[in-house]
Amino acid sequence: MADVTYREALRLALDEELGRDQDVFLMGEEIGRFEGSYKVTAGLWQKYGATRVRETPISEEGFVGAGIGAAMMGLRPVIEIMTINFILVAMDQVINHAAKIRYMFGGKVGVPLVIRAPGGAGAQLTAQHSQSLEAWFAGCPGLKVVSPATPADAYGMLKTAIRDDDPVLFCENLVLYNLTGALPENGDGLVPLGRAAIAREGTDLTLVAHSYTVQRALRVADRLSQDGISVEVVDLRSLRPLDVDTVAESVRKTNRVLVAEEGWSTYGVGAELAARLQRVCFDDLDAPVERVGQAEVPMPYAKPLELAALPLESKIEAAARSLLAECGL
Amino acid sequence: MSEELTMPRLSDTMEQGTIGRWLKREGESFHEGDVIAEIETDKATMDFQAYEDGTMLRILVGDGESAALGAPIAIIGAEGEEVPADAPAAASANGGGRDNGAAEPAPAAEPEAEAKEEAPVATVTEEAPSDGGGLRASPIARRMADAGGLDLRTLAGKGTGPDGRIVKADVEKALAGGVTPAPAAPAAAQAAPPPPGEGDDVRELTPMLKAVARRMAESKATVPHFYVSSEIDMTRALELRAELNEALADSGEKVSVNDLIVRACAQALVQHPQAHRSYVDGHHVYHSHVHVGIAVALDDGLIVPVLRDADTKGVRRLAAETRDLVKRARDGKLRQSEIEGATFTVSNMGMFDVAAFSAIINPPESTILAVSSTVERAVVRDGAVVPRKIMSVTLSCDHRACSGADGARLLQTVKRHLEAPTLLLA
């Protein structure tokens, strides 16, 4: 199969799941006739009709709540939130209901719901539209939180998420939509949730990232390899469940670890990993776990300031070099 | 008013003590002079007596646990008194955060492993003082050094990480360049042990065995030993012993060959002050008293009780004192004063069918006599071959304290006295 974009991979997954299972339906603002703000649902409304691809008004709390109700009754809704920033008005539905219903109903009722939520920054969309909030949700038991970094993972993980019997927050990054990559030739292409992937093998440093930051990490690894430094890039893919085992296995090989993420570092993915790694592979560390994240400010609008706040490759590279220098490399 | 009881200095070489067991439990009262604990030093188990009347309020260092000299080991006070809020918590308490004043269960009841794990800072291990203080090394560097048998202290000050932290690369380099032994500090002179094989039983040394290991290594490394051997005809000495024991039969007393040897040595030492002096910091110290140590093998260890002023005591008295000392040595009941101050040592392995051996000097002593088995041999006397009972002996000498001739003369006198044993009674 020819390379497809991340956007096309998502569309393919939705199309195939809508076709495979009558219980699957889509819901969200402008996803029908307008084909979604980022055109992920292109052609689906025409193909499956307004019952299976439902337009909603601007009412996140309402349609997320409706999705939860539908899921409790046995349907498999896939909700598109225009951007992850807007999910905050539906936070009560997500955290207090979707995440907890299976527990509060004694395991008798599940919520097979997927919420797709694009996020990230870099397009001058300013503070309220440029956030990577996935770590907030990853702290909540009852939710699965995933953030694929490649078209193949976007395709395979979305299909797995739709078939999952519990709520999954599916985080996309706006910058990834045009990234191209191959889909698997054979098999169903399903990718399990909760398993990290080694995006690139190396021996001197483990660079952990998720979502678009994985692409940055790979480019940093390329650049460092020119200086003879071998970087292993771990793509987390899922933030909850978090695959610490794969990261730890890598750290046991490299003895050094840097976590890069687009969200804020404070209480972030790197914070969680640092805590867990020091527990499971303390004796394998040659230096403290290092983190790079977005500057601890609301994302600025002005282009130079936005770039200054983002965890760009230059910052990741500098952090990597400084960490390695501490270790005599 | 409550006060802290601290680990007392019970011997000159002691750096820490181990509580053998507490004889007073928390809440129990005691009088001045009562033995409240047994404390194991590097040499012996000693009774720890109360200085004054009081009550045990809290035990800080439990049975089997160690503490540095001067570290608090218990809190004592008046009966019914509360333990002050700022008092240190028991070593076995979890991080020191227990209720103030609450009577704790006896530490003996706690699993030993747990107590050790949570021991407070005051509790030290044998290695702690020479650890170089705050040696900074990354966890993987520590692990690799450990696995590679590299003493990280050899890299002290050479770490290339932040603030001199020793990192993996430093250890790799050191291991690639061969393992260098630890620098000067004598206590750190132990080389890397071979890694234990599968099924090997690895055991912690007792404080006594650690002390023996350390002191013997120090002695061999710093004292220039030389050895003088001789063969002594013990035929007449053994006859004398038989005669003495027959005469003493009613009293239940007995004289051993070793008692005769000690007597001969004590007499010889008086006659040869050149061989009865120690080398200390560039000086010769001539000993004014003859204190003879007798090496006693224990089930797991070695101890040298001392016969004080042995030159002033007859064979019978030496025999009685030795019997008492050896028995108490085996029971672990010697007082500190009874195991220090020797000026000369006799190490007798005659009972083990030993042809010859040489002993390591126990500094600051400068001589030690190794006594081997007495065997019947054909000897030429006045042109005739006769059977005689021959004992071989080897005197180890510190060459800084005495010359070969000094040692030989001493040995010659020992031999003369044992071969003409009536001199032993003189």
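## Overview of chain A

Chain A holds twelve helices and 14 strands. The model is predicted. Of the 329 residues in chain A, 56% are buried.

Contacts in chain A mostly reach far along the sequence. Take those between residues at least 6 apart: 82% of them join residues at least 24 apart. The chain exposes about 13100 Å². Carbon and sulfur atoms supply 55% of that area.

## Helix α8 of chain A

Helix α8 of chain A covers residues 212–225, 14 residues in total. At 1.5 Å a residue it should span 20 Å. Its end C-alpha atoms are 21 Å apart, so the expected and modelled lengths agree.

Much of α8(A) is listed as buried. The run from its start comprises A:Tyr212, A:Thr213, A:Val214, A:Gln215, A:Arg216 and A:Ala217. A:Val220, A:Ala221 and A:Leu224 are also buried. In an α-helix, residues three or four places apart point the same way, because there are 3.6 residues a turn.

What do the buried residues of α8(A) pack against? Five strands of chain A take part: β7 (168–173), β9 (197–200), β10 (205–209), β11 (231–235) and β13 (257–264). Helix α12 (313–326) of chain A is a further partner.

## B:Ile73 in chain B

B:Ile73 sits in strand β8 of chain B, residues 72–77. Its relative accessibility is 0%, so B:Ile73 counts as buried.

Beyond its neighbours within four places in sequence, B:Ile73 contacts B:Leu5, B:Thr6, B:Met7, B:Ile19, B:Trp22, B:Phe48, B:Ile59, B:Leu60, B:Val61 and B:Ala67. B:Pro88 lies 15 residues from B:Ile73 along the chain, and their C-alpha atoms are separated by 9.6 Å.

Technical notes: Residues are numbered from 1 along each chain as its sequence is written. Chains are lettered from A and ligands numbered from 1 in the order in which they are written. This is a predicted model: local features need pLDDT of at least 70, side-chain atom pairs count only at pLDDT 80 or more; totals for chains, interfaces and linings use all residues. Side-chain values use heavy atoms; hydrogens and water are left out. Helices (H or I, at least four residues) and strands (E, at least two) are DSSP runs, numbered from the N terminus. The expected span of a helix is 1.5 Å times one less than its number of residues. Buried means under 20% relative accessible area, exposed over 50%, partly exposed in between (1.4 Å probe, protein chains only). Contact means heavy atoms within 4.5 Å. Accessible areas come from the Shrake-Rupley method with a 1.4 Å probe; for residues, only the protein chains shown count as cover.
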